[in-house]
Amino acid sequence: MKPQFNPEGLAKPKAWEYAVRFLFGGVIAVVARCVSDSLGDFAGGLALAFPAILPAALTLVNEHDGRTRAADDARGARLGSLGLTAFAGVTLLTANRGPGVALPLAMLAWTAVAVGSWWLSYGQRRA
Amino acid sequence: VASCRITVLVCTLRPRSAPIHVGSADCIAQILVNDLVLRFALGGIAVSLFSALAELFKPKTFSGLFGAAPAVALVSLAIAFEQRGEAIVREHALGMVCGGAGFLAYACACVFITERKQVPVWAGAAVCWAVWFLVAAVAWFTVRPS
């Protein structure tokens, strides 16, 4: 199985569905800041890895493509969370090099771990 | 520091009926509001972009990867670097490592519950937040620097 580029997929969600995601993203960014101010920076970091968007995403996938696809989406998020942890680990190790180095390296780590673990899990299977 | 200076500048240059003095309670409140609006806008844009990116790929197991993309984290950490420095970013990142483990546990629970046809997907995904909070609580009491 290989990942396929599917430009038509962009047209599938309605405008309000993108708006919901924008709203959730904005709210979690503000909440993370408020948590950081009130409970400390460690708690702020925890909040940055809170799965705020996933319930909405799974609900929308279930409505568009059915429950099986929604479960597949959750399986993908499971592998993506490995990448998220790698992102945080690399940021932790490289923060002293500044944002110009630490954040691109961390993003690279997310991509490598998420895509790598997907390839190990699904890349060998037949579509 | 640079970002704070810019925000102060914006706050003082903003046309108002009464002038605001740098360092006054009004100005500090204005800086806070500006910061929250900036985070809301950038966080929303980042999540929307990653969501759009997810729609560009199939199968769902692959596009699902973007459900755990560090969209908000990228924005928040970039702002934290500018405003508060690398020591704070390291503490955020440590919290995120633990939060990432919680996300993994949450996603595993979501896979399990989404396969159960008796439970509505939205309700199951919301109930699974308890798993994330459990991992976060364990991290809070065991890993959090004193």
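Two strands are said to pair if DSSP finds at least two bridges between them, and I would like to begin there, with a model that is predicted. In this model, β1(A) is joined by two bridges to strand β1 of chain B, residues 57-58, and the two strands run antiparallel. To give one of the partners by name, Gln4(A) has Lys58(B) as its bridge partner in β1(B).

Let me now turn from that pairing to the whole interface. How many residues of each chain are in contact with the other chain? On the chain A side there are 76 residues, and they are in contact with 80 residues of chain B. The size of an interface is often given as the accessible area lost when the parts come together. Between chain A and chain B that buried area is about 7000 Å², and carbon and sulfur atoms give 76% of this value. Within chain A, the residues that lose the most area to chain B are Phe42(A), Leu48(A) and Arg67(A), which together account for 12% of what that side buries.

There are polar interactions to look at as well. Between the two chains, 16 residue pairs are in polar contact, with both residues at pLDDT 80 or more. Several elements of chain A each supply at least two residues to the side that touches chain B, among them β1 (4-5), α1 (15-39) and α5 (99-123), while the largest share, 22 residues, comes from α4(A). Sorted by type, the residues on this side are 47 nonpolar, 18 polar and 11 charged.

Finally, four salt bridges are found across the interface, including one between Glu55(B) and Arg21(A), whose closest N and O atoms are 3.4 Å apart.

Conventions:
Residues are numbered from 1 along each chain as its sequence is written. Chains are lettered from A and ligands numbered from 1 in the order in which they are written. This is a predicted model: local features need pLDDT of at least 70, side-chain atom pairs count only at pLDDT 80 or more; totals for chains, interfaces and linings use all residues. Side-chain values use heavy atoms; hydrogens and water are left out. Contact means heavy atoms within 4.5 Å. Buried area is the accessible area (1.4 Å probe) that two parts lose on being put together, summed over both. A salt bridge is a side-chain nitrogen of Lys or Arg within 4 Å of a carboxyl oxygen of Asp or Glu. A polar contact is a pair of N or O atoms within 3.5 Å; within protein, one must be able to donate a hydrogen and the other to accept it, and residues adjacent in sequence count only if both atoms are side-chain atoms. Helices (H or I, at least four residues) and strands (E, at least two) are DSSP runs, numbered from the N terminus. Ala, Val, Leu, Ile, Met, Phe, Trp, Tyr, Cys and Pro count as nonpolar, Asp, Glu, Lys and Arg as charged, and the others, Gly among them, as polar.
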